[in-house]
Amino acid sequence: MNENNILQSNSKKLRELLESPRVEQILEAHNSLSATIVEEAGISGLWASSLTLSCAAGLRDNSELTMTEVLDVLETITARAEIPILFDGDTGYGQFSHFQQLVRKLCLRRVGGVCIEDKVFPKTNSFLRSEGQDLAPVEEFAGKIRAGKDAQTDPDFVVVARTEALIVGLDTAAAIDRAERYVEAGADAILIHSKERTFAQVQDFMSKWGGRAPVVCVPTTYYSTPMEAFDQAGISLVIWANHMLRAGIGAMQNVANEIGEKGTARDLEDAIAPVKEVFRLQDADGLLAGEKTYLHQGSSSSAIVLAASRGKGLDELTRDRPKAMIPVSGTPAIEKMLQSMRAEGIKDISIVRGYQPEALAPKGATFFDNADWEANGELGSLACAREALKGETVIAYGDVVFKRYILHQLLSSEAPISLVVDGSRSFLESNRSVDRVKVSGPPATGYDESENWLEAMAEDLPEADAHGEWIGMLRVRGEGAELLLESLDAILARPESGQLDLCAVLNDVAQKDPRAVRVIYVEGGWIDINSLADVARSGDV
Ligand code: SPV
Ligand code: MG
């Protein structure tokens with residue numbers, strides 16, 4: 001587990017804001033994006049407003065947004081934000097039992113607290129025909145609060161009781177009376193709402209309240225009141241209830257109108273957030289970092305295919321094409337190889353060409369041309385592609401046709417160099433000249449994951465020493481590329497190097513380090529097109 005992932009209690013954080021000796025403020029958010037922006041501004045909490053959540057959903061603030069819909073939005077916020085939410089729970093979505101379900105679900109979703117108001121369902125926003133709205137009977141609302149407090153599964157979960165007494169035109173005494181009853185019922189704080197243009201009405205309430213419980217206010221209409229005034233009056237928490245949504249509305253209208261009128265975004269670019277900022281807000285860097293940590297590393301492999309030679313004894317079949325272009329079941333051998341490599345996530349594929357290069361041009365590959373292929377052979381071809389030999393690289397002869405699982409197995413090896421060896425010893429009867437391989441252990445008879453290492457490799461290895469045949473495919477990773485290049489250079493420096501092949505290089509690496517070249521055993525599942533007989537059989541692979 002990542003220690004940074006341990007979640008702190010949101011309800012505790014919200015409680016601390018309410019109980020802090022100084023006035024605190026929280027700001028509205030209606031989705032995870034606006035919540036992230038509020039959090040980045042250093043604000044300590046979020047107000048999930050019924051007005052703005054329903055507006056963002058295309059609905060009226062009239063209890064039209066369902067409990068399920070709103071819980072989904074809250075979850076997208078708590079999944080990301082580290083600051084607590086005080087959720088505007090309207091009238092509690094029904095009677096006491098609905099409110100209990102709401103509280104349980106909010107606790108499960110790590111919402112810090114809920115505020116419910118003493119109106120009747122379906123309620124209307126406090127600023128819309130406010131005088132015509134009915135207040136809930138005090139006893140019924142107090143019972144709802146008690147029910148919510150009894151239902152909470154998080155001990156610090158906050159229930160704020162909001163009285164709309166002043167909104168519907170009642171006086172301070174009526175508001176105090178209601179607030180008192182709600183605190184007796186268990187409310188952790190009181191929200192006193194007012195639609196006046198000054199703070200005076202709430203101030204009056206505060207002077208008579210006498211600090212019986214923390215008080216929250218919503219200065220949407222008395223917005224120019226300074227924080228000091230709230231602090232002096234004893235307000236615990238100020239809610240800026242709709243400002244993020246309202247900021248967005250104006251900005252979006254400007255952009256929509258400009259594009260609608262002018263049919264161009266040319267003049268807008270400086271006024272809107274760059275796409276880079278969108279990526280930052282959704283933590284695209286975190287995704288890229290995660291890919292490095294968690295994605296299958298095979299996808300970063302590259303490949304070099306050695307396909308320069310014409311092939312011996314294939315004159316008719318290679319009159320106007322190199323060996324790797326001979327069709328196998330109707331598809332050129334090299335195309336089959338590229339398909340398998342791409343299916344295993346290898347994107348960067350280099351092909352070394354020699355004989356008839358123009359006839360060997362599969363799409364999407366990089367080409368290295370070895371004009372001296374007849375004189376310098378396989379080693380010369382590999383040296384041609386030296387710049388592509390780095391990191392994780394598969395090296396294969398272009399005339400090998402193999403089943404995909406063989407490449408898959410090769411890619412999962414962690415060794416610096418890995419070779420695929422056919423341990424079936426079929427070469428003993430086949431009369432072909434092959435790269436015989438001596439290994440630290442014989443092929444397993446049952447399931448066995450023990451590691452085998454190359455001990456020696458040569459065409460003329462005595463029969464008793466040979467455990468199998470190299471199929472013409474290897475992979476380097478980590479220091480493997482360097483080890484291979486070191487031996488390649490040493491051998492290329494020898495006068496007879498034109499007669500030597502990769503077998504000599506691999507043998508040299510194994511002699512220097514018995515744990516450098518790992519052997520991956522297979523049994524059949526591959527073929528190389530080295531004789532007409534092979535060509536005839538290759539349709540079976
Ligand atoms: C909200 O933001 O939804 C509120 C506050 O309940 S008010 O809109 O002022 O009623
Ligand atoms: Mg509301």
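Reader: In this predicted model, where does Leu 360 lie?

Author: The structure discussed here is a predicted model. Two strands frame the position of Leu 360, namely S12 (348-353) and S13 (366-369). Leu 360 is found in the loop between strand S12 and strand S13.

Reader: Is Leu 360 buried or exposed?

Author: A residue counts as buried when its relative accessible area is under 20%. Leu 360 has a relative accessible area of 0%, and therefore it is buried. Setting aside residues up to four places away in sequence, Leu 360 touches residues including Ala 307, Pro 322, Met 325 and Phe 367. The class asked for is buried.

Reader: How far apart in space are Leu 360 and Ser 32?

Author: In sequence, Leu 360 and Ser 32 are separated by 328 residues. In space, taken from C-alpha to C-alpha, the separation of Leu 360 and Ser 32 is 54 Å.

Reader: What are the bounds of the domains of the chain, and how far apart do their C-alpha centres lie?

Author: The domain assignment gives domain 1 as 3-241 and domain 2 as 283-538. Between the C-alpha centres of domain 1 and domain 2, the distance is 68 Å.

Reader: Which residues are the protein donors of the magnesium ion (ligand 2)?

Author: The donor atoms are an OG and an OD, lying 2.1 Å from the magnesium ion (ligand 2). They belong to Ser 50 and Asp 88, respectively. Ser 50 lies in helix H3 (residues 50-56) and Asp 88 in strand S3 (residues 85-88), so this pair ties together parts that are 38 residues apart in sequence. The donors asked for are Ser 50 and Asp 88.

Reader: Are Ser 50 and Asp 88 buried or exposed?

Author: The limit for a buried residue is under 20% relative accessible area. Ser 50 has a relative accessibility of 9% and therefore counts as buried. Asp 88 has a relative accessibility of 4%, so Asp 88 also counts as buried.

Reader: How many salt bridges are counted, and what is the N to O distance between Arg 178 and Asp 118?

Author: The count comes to 31 salt bridges. One of them joins the side chains of Arg 178 and Asp 118. Arg 178 lies in helix H7 (residues 172-184) and Asp 118 in the loop between strand S4 (113-117) and helix H6 (138-151), so the pair ties together parts that are 60 residues apart in sequence. Both residues are buried, and their N to O distance is 3.1 Å.

Reader: What separates Glu 277 and Arg 280 along helix H11?

Author: Glu 277 forms a salt bridge with Arg 280, with the closest N and O atoms 2.9 Å apart. Glu 277 is partly exposed at 25% relative accessibility, and Arg 280 is partly exposed at 43%. Because Glu 277 and Arg 280 are 3 residues apart in helix H11, their separation is about one helical turn.

Reader: Which residues make the nonpolar surface patch of about 270 Å²?

Author: One member of the patch, Val 278, has its place in helix H11 (residues 275-281). At 42% relative accessibility, Val 278 counts as partly exposed. The patch is made by Val 275, Val 278 and Phe 279.

Reader: Which strands hold Glu 455 and Lys 438?

Author: The side chains of Glu 455 and Lys 438 meet in a salt bridge, at 3.4 Å from N to O. The pair ties together parts that are 17 residues apart in sequence, because Glu 455 lies in strand S18 (residues 452-458) and Lys 438 in strand S17 (residues 436-439). The strands asked for are S18 and S17.

Reader: Which residues does a cis peptide bond join?

Author: Most residues other than glycine have a negative phi, and most peptide bonds are trans. In this model, a cis peptide bond has an omega of about -5°. Pro 122, one of its partners, lies in the loop between S4 and H6. The bond joins Phe 121 and Pro 122.

Reader: What is the phi of Asp 90, and is this residue buried or exposed?

Author: Asp 90 is found in the loop between S3 and helix H5 (96-108). Asp 90 is not a glycine, yet its phi is positive, at about 50°. With a relative accessible area of 6%, Asp 90 is buried.

Methods
Residues numbered from 1 in each chain as written. Chains lettered and ligands numbered in written order. Predicted model: local features only at pLDDT ≥ 70, side-chain atom pairs only at ≥ 80, totals over all residues. Heavy atoms only, no water. Donors = N, O, S within 2.8 Å, 3.2 Å for Na, K, Ca; no water. Helix = DSSP H or I, 4+ residues; strand = E, 2+ residues; numbered from the N terminus. Buried < 20%, exposed > 50% of the residue type's maximum accessible area, 1.4 Å probe, protein only. Patch = residues over 30% accessible without salt bridge, like charges linked within 9 Å, V, L, I, M, F, W, Y side chains within 5 Å. Areas by Shrake-Rupley, 256 points an atom, 1.4 Å probe, with all protein chains shown as cover. Salt bridge = Lys/Arg side-chain N within 4 Å of Asp/Glu carboxyl O. Contact = heavy atoms within 4.5 Å. Domains from an automatic or database assignment.
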